Every structure is written in C-alpha cells, then in structure tokens.
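Here are some brief notes for a colleague coming to this structure for the first time. Please read them with the model open beside you.

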Amino acid sequence: MSKVENIEQEVKNLTPSELSAFRRWFLDFDAQIWDRQIEEDVRKGKLDKLAEEALAAHRVEKSKEI
C-alpha cells in the first residue's frame with residue numbers, strides 16, 4: 001500500500017472532530033505551501049510578464065477598481 005493510500009485510510013477512520021481538526025490543519029498547511037510557491041515565482045520573475053500586462057492595461061484604462 002502506498003503512502004497516499006495509507007493516509008486515505010487513516011483519514012477515513014478519523015472521528016468527526018478529528019476530521020474537522022485535520023481539515024483546518026490541512027487548509028493552513030496547503031496555504032503555506034501555495035504562499036511559498038508564489039513568493040518563489042515572484043523572486044524568479046515568473047510573474048513579471050503578467051504584472052507588466054496588468055499595468056499596461058491599467059494605464060490605458062482597461063482595468064476596473066474593485
């Protein structure tokens with residue numbers, strides 16, 4: 001059985017309160033990973049083109065305030 005399959009089985013065996021706590025933990029864990037990936041992409045310049053396009057659109061008034 002793979003690690004993922006083991007984890008799936010363990011999750012299925014959680015009580016409702018344990019499952020709720022696991023969900024909260026996993027959402028936070030996943031958000032932290034996402035944040036680190038975005039920060040790394042910014043540092044490597046991977047988002048520069050998108051930022052330039054957005055600023056160019058804003059300069060010619062093709063953007064909206066939110």
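1. Start with Q37. Its relative accessible area is 36%, so Q37 counts as partly exposed. The residue sits in helix α2. Now look across to L55. Q37 and L55 are 18 residues apart in sequence. In space, their C-alpha atoms are 23 Å apart. Keep in mind that this is a predicted model.

2. Next, the overall make-up. The protein has three helices and zero strands. Read from the N terminus, the order of elements is α-α-α.

3. How does the radius of gyration of the protein compare with that of a compact globule of 66 residues? The protein has 20 Å, but such a globule would have a value near 11 Å. Along the principal axes, the C-alpha atoms fill a box of roughly 55 × 25 × 15 Å. Burial is worth checking alongside this. Of the 66 residues, 2% count as buried. The accessible surface is about 6,500 Å². Carbon and sulfur atoms account for 57% of that surface.

4. Helix α2 covers residues 16-43. How far apart should its ends be? The helix has 28 residues, and at 1.5 Å a residue they should span 40 Å. The end C-alpha atoms of α2 are 41 Å apart, which agrees with the expected span. Just after α2 comes G45, with a positive phi of about 80°.

5. Helix α3 can be checked in the same manner. It has 12 residues. From first C-alpha to last, α3 reaches 16 Å. That is close to the 16 Å expected at 1.5 Å a residue.

6. The aromatic side chains deserve a look. The structure holds five aromatic pairs. In one of them, W25 and F26 have ring centres 6.1 Å apart and planes at 55°, so the pair is tilted. The angle decides the label, because tilted pairs are those that are neither under 30 degrees (stacked) nor over 60 (edge-to-face). W25 and F26 also belong to a wider group. F22, W25, F26 and F29 form one aromatic cluster.

7. Are W25 and F26 buried or exposed? W25 lies in helix α2. Its relative accessibility is 46%, so W25 counts as partly exposed. F26 has 36% and is also partly exposed. The two residues contribute to a nonpolar surface patch as well. W25, F26, F29 and I33 make this patch, of about 370 Å². The spacing of such residues is easier to read with one rule in mind. An α-helix has 3.6 residues a turn, so residues three or four places apart point the same way.

8. Now the charged side chains. Side chains of opposite charge can pair when their charged atoms come close. The count here is two salt bridges. One joins E40 and K44, whose closest N and O atoms are 2.9 Å apart. E40 is partly exposed, because its relative accessibility is 27%. K44 has 53% and counts as exposed.

9. The other salt bridge links the side chains of D41 and K46, at 3.9 Å from N to O. The cut-off is 4 Å, so this distance falls within it. What is the burial state of each partner? D41 has a relative accessible area of 15%, so D41 is buried. K46 stands at 53% and counts as exposed.

10. Last, a backbone point. Most residues other than glycine have a negative phi. E61 has a positive phi, near 60°, and is a residue other than glycine. Where is E61? E61 lies in the segment after α3, which runs over 48-59. Its relative accessibility is 72%, so E61 counts as exposed. Compare G45, which has its positive phi of about 80° just after α2. E61 takes its positive phi just after α3.

Technical notes:
Residues are numbered from 1 along each chain as its sequence is written. This is a predicted model: local features need pLDDT of at least 70, side-chain atom pairs count only at pLDDT 80 or more; totals for chains, interfaces and linings use all residues. Side-chain values use heavy atoms; hydrogens and water are left out. Helices (H or I, at least four residues) and strands (E, at least two) are DSSP runs, numbered from the N terminus. The expected span of a helix is 1.5 Å times one less than its number of residues. Rings of Phe, Tyr and Trp (its six-membered ring) pair if their centres lie within 6.5 Å; planes under 30 degrees apart count as stacked, over 60 as edge-to-face and the rest as tilted. Buried means under 20% relative accessible area, exposed over 50%, partly exposed in between (1.4 Å probe, protein chains only). Patches are made of residues with over 30% relative accessible area and no salt bridge: like charges are joined within 9 Å, nonpolar side chains (Val, Leu, Ile, Met, Phe, Trp, Tyr) within 5 Å. Accessible areas come from the Shrake-Rupley method with a 1.4 Å probe; for residues, only the protein chains shown count as cover. The radius of gyration is taken over C-alpha atoms; the globule rule is 2.2 Å times the number of residues to the power 0.38.
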